[in-house]
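Open your viewer, keep the sequence panel handy, and follow along stop by stop. Each stop suggests a selection and then says what is there.

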Amino acid sequence: MEMHHNRQVCYFFLYLCMFGAICESFHYSVPEEKKSGSLVANVLKDLKVDVKELSVRRARLVSEDSKQYFQLDPHSGNVILDDRLDRETLCGQKDPCILLSEIVLENPLQVHRIEVQIEDVNDNSPQFSKKEYLFEIPEHTASKTRFPMESAKDADRGENAVQNYTLSLNNHFLLDVQSHPDGTKSAELVLEKQLDREEEARLFLTLLAVDGGSPKRTGTAQIIIDVLDSNDNAPRFDKNVYKVKIMENSQPGSLVAKVEAHDHDLGSNAEITYSFSQVPDDVQRVFMLNKHTGELTVAENMDYEINQNYAISIKAADGGGLSDYCKVIVEVEDRNDNAPEVTLTSLTSPLPEDSLPDTIVALFRVTDRDSGDNGRTACTTEANIPFMLKPSVNNYYQLVTQQTLDREKESEYNITITATDRGSPRLTSRRIINIQISDINDNAPVFEKSKYEMQLRENNIPGLLIGLVQAKDLDMEQNAKVIYSLLPGKVSSQPVSSYVSINSETGNLYAIRSLDYEQVKDFQVTVRAVDSGSPPLSSEVMVRVVIVDENDNAPFILYPLQNGTSPSNDLVPRVAEAGYLVTKVVAVDRDSGQNSWLSYELLKATEPGLFSVGVQNGEVKTVRPINKRDSLKQKLIIGVRDNGNPPQSTSAMLSILLVDGFSDPYMKIVDIPKEEVVREEDRNLTMYLVICLAVISFIFLVSVLVFIAIKIQKRRKFIESSALNFPGGPNFPENCDADAGSLSRAYNYEVCLAGGSLNSEFRFLRPFFPVFSMEPAQSQGVQRISRGSQDLSSHAAESQQRTEVRV
């Protein structure tokens, strides 16, 4: 049976050899009881590889048993002992004692079978199962009668096993030593001279067992022979050999076989007792024999994977001491009681997400201790995953990628490997392999919005936070770290970096200088987000900053001109009726929105009830007819206020002369109705006013353009001559007087010259940029701001002719 099994194994490896997976088997030997770490063999020459290739191909030594007895040193190619070996413990009486392992090489995959034979050393002495053996022999037993002796057990094999038996000198018995085909020795007592109980009722003999080791080891047992009265019939079995089959894992108590012997004697000489004869301890543990009935039953579970057959010797002895022997051959049939086992050999984790398809992720082997169909296995994995199984040689499987991976979608996989055998019922085992996916920089930062719009109030403090731009990167760790920067650009012909700055880590946008809505209403900057991967990836977004207007400009009176000279007089005829349009106050506001909505009111008048001002249009009209008591000269103060918060206002002074006869040339009574005359006069007055407003607007626009040009030229000169102390504004001074503890004063002033003034005048307006004073650390932190006046180098000498509008 064993030879047939070995032949099948040979055929199997020959089949694998034909396909190039297992080219040859290597045979080595090592004596038992060698110390751990001892050299067994060097496989470099047999594998026909060098040390470098051995490491590159990830050579591993895999034991076919659950325990690893040898280790492969990949740096030298030496196979060394992992633990001390005891041949008797590993193989028992099996000879030769061979431990099977496999050397697995990858890229390409090769499996080389290694057979290491454990050589026996003479480390065990022969032993008998008993110290004394009792034989009861009838006195009339015929000479040449043989009495089989129990063989001594020696755990060693070959020459180190029992090689000879000797018997102490006596007058009745000789010892016949027999050799068997399996190399074992047995001894039988041979009766040379009949016994005579009356001469000698009991004999004491010494049996000596000697092995063939060097030095030789021996074991002894004493033989006691009781001489009985005559019993001329020995028991006889029906069969010399009983052959039975039984399924493994049969329940204890199950009947294996029943042996039966017969004795033709009567009385006690015919009472037969059954017992085991020269059986190993494992047989006595697995089987139980009823000494009265000869029934052989199961004592404990049998495992096919441990032992496939048993040879049991049974003795039948009658009451007179005669006996007979038979043998029971028990063949154990395999049952599918072992689930497949999945043994992981190598695993690549974490696995880069840019791994190419067909990349080997894991290498594992599926084994089943059962035989036949019960030991044939199939391996599968779950569906809908980017991995697949590739069968290899000798029940090895490769887990490989079958499509590209994306860590941002799935950062790890728990792959369940299912192994199923073909037994009945089928048994299944599962193993979960965890594979982590490592990140590569394959995702650029993405801004939360495609375009940002932020608002910033004018006259802001430099360094004020405008808003936040933020980009997300789906990668992880260093590949997800985002750095923000501003791309070069221009705002009003100046670099964008002089207006805003950005925090490279947070994406916060800060205003560097104070902004004026009237100069810059909005501007755009481009923000770039770059990750820290290799190579780095980036994206850009446009940020529009809208300057929100504040009410920082008071209304400006266009008409009547307020230049400090004697105001022009508006003439009103005393015959004017109520609702007579005297003049119209025209004002503008540089602010926008509701901050530029203007309202007019009469603040003060010589005759409070005589005139009124239109709240929305600024028209000055008579409220009642003029009487003779009204003063010739009327002074009106008109207030103009915007709709800002808080509101700002200004005032205009009107001089009105009440005259007689002013309207005689113009107000003669004609044949047309009075209402038509009034309408005609209104139309003429409106036309005059429109012409005057256009002329004044043109003069104002020219003045504003000239003023702006002069101001820009002065600012450029000031920037070139000044060193900056604050990054936001070009008008901050740097030359600090550390001893005096104050800053040098630098102010900008606007000079407003009104047309029609007889003498020049100017007004001091607020500085365009705040002046900061910074003391050094040793000045105890005191900040001082000095205010003063700066002499003007020149005064406006140009005056305009007074324009009078008379209606």
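## A guided tour, from one sheet outwards

Start by selecting strand E20 and strand E21 (residues 295–298): the two pair in the antiparallel sense over three bridges. Bear in mind as you look that this is a predicted model. To see one of the partnerships, pick Phe 287 and look across to E21, where Val 298 is its bridge partner.

Now widen the selection to the sheet around these strands. Three strands make up this open sheet, in the order E17-E21-E20, and their pairing is antiparallel. Strand E17 (255–258) and strand E20 (287–289) are the edge strands, each pairing on one side only. Leaving direction aside, neighbouring strands of the sheet are turned by 20° against each other on average.

**Zoom out: the whole chain**

Colour by secondary structure and you will have six helices and 53 strands in view. How much of the chain counts as buried? Of its 807 residues, 39% do. Switch on the surface next: the accessible area comes to about 45700 Å², and 50% of that belongs to carbon and sulfur atoms. If you like contact maps, take the contacts between residues at least 6 apart in sequence: 67% of them join residues at least 24 apart.

**A hairpin with a positive phi**

Select strand E28 (residues 387–391) and strand E29 (residues 396–401), which pair in the antiparallel sense over five bridges. Leu 389 is a handy marker here, standing opposite Leu 399 in E29. The hairpin has four residues between its strands. Click on Asn 394 in this loop between E28 and E29. Asn 394 has a positive phi of about 55° although it is not a glycine. With a relative accessibility of 8%, Asn 394 counts as buried.

For a second positive phi, go to Asp 358, in the loop between strand E25 (351–352) and strand E26 (360–367). Asp 358 is not a glycine either, and its phi is about 75°. Is Asp 358 buried or partly exposed? Its relative accessible area is 42%, so Asp 358 is partly exposed.

**Aromatic pairs**

Show the aromatic side chains as sticks; the structure holds 11 aromatic pairs. Centre the view on Phe 128 and Tyr 165, a tilted pair with 6.4 Å from centre to centre and 55° between the planes. Phe 128 lies in the loop between strand E7 (110–119) and strand E8 (132–138), while Tyr 165 belongs to strand E10 (residues 162–167), so the pair ties together parts that are 37 residues apart in sequence. Phe 128 counts as buried at 11% relative accessibility, and Tyr 165 counts as buried at 4%.

Next comes another tilted pair, Tyr 499 and Phe 523, with 5.7 Å from centre to centre and 50° between the planes. Which parts does this pair tie together? Tyr 499 lies in the loop between strand E38 (494–495) and strand E39 (500–502), and Phe 523 lies in strand E41 (residues 522–531), so the parts joined are 24 residues apart in sequence. Tyr 499 and Phe 523 are both buried.

Keep Tyr 499 selected and add Arg 513, whose charged end sits over the ring of Tyr 499, 4.4 Å from the ring centre. Then move to Lys 521, which lies over the face of Tyr 517 at 5.0 Å from the ring centre. Before leaving the aromatics, return to Phe 128 and Tyr 165 and add Tyr 133: ring pairs link these residues into a cluster.

**Two cis peptide bonds**

Select Ser 534 and Pro 535, which are joined by a cis peptide bond with omega about -5°. Pro 535 has its place in the loop between E41 and strand E42 (538–548). Then jump to Asn 645 and Pro 646: the peptide bond between them is cis, with omega near 0°. Pro 646 is in the loop between E50 and strand E51 (649–659).

**Last stop: a buried aspartate**

Finish at Asp 630, in the loop between strand E49 (619–622) and strand E50 (633–642). What is the relative accessible area of Asp 630? It is 5%, so Asp 630 is buried. Display its surroundings, leaving out residues up to four places away in sequence, and you will find Asp 630 touching Arg 574, Glu 607, Leu 610, Arg 624 and Leu 658.

How values were computed. Residues are numbered from 1 along each chain as its sequence is written. This is a predicted model: local features need pLDDT of at least 70, side-chain atom pairs count only at pLDDT 80 or more; totals for chains, interfaces and linings use all residues. Side-chain values use heavy atoms; hydrogens and water are left out. Two strands pair if DSSP finds at least two bridges between them. Axes are lines fitted to C-alpha atoms, for helices over the stretch in contact, and angles run from 0 to 180 degrees between N-to-C directions. Rings of Phe, Tyr and Trp (its six-membered ring) pair if their centres lie within 6.5 Å; planes under 30 degrees apart count as stacked, over 60 as edge-to-face and the rest as tilted. Buried means under 20% relative accessible area, exposed over 50%, partly exposed in between (1.4 Å probe, protein chains only). A charge sits over a ring if NZ of Lys or CZ of Arg is within 6 Å of the ring centre and within 35 degrees of the ring normal. Contact means heavy atoms within 4.5 Å. Accessible areas come from the Shrake-Rupley method with a 1.4 Å probe; for residues, only the protein chains shown count as cover.
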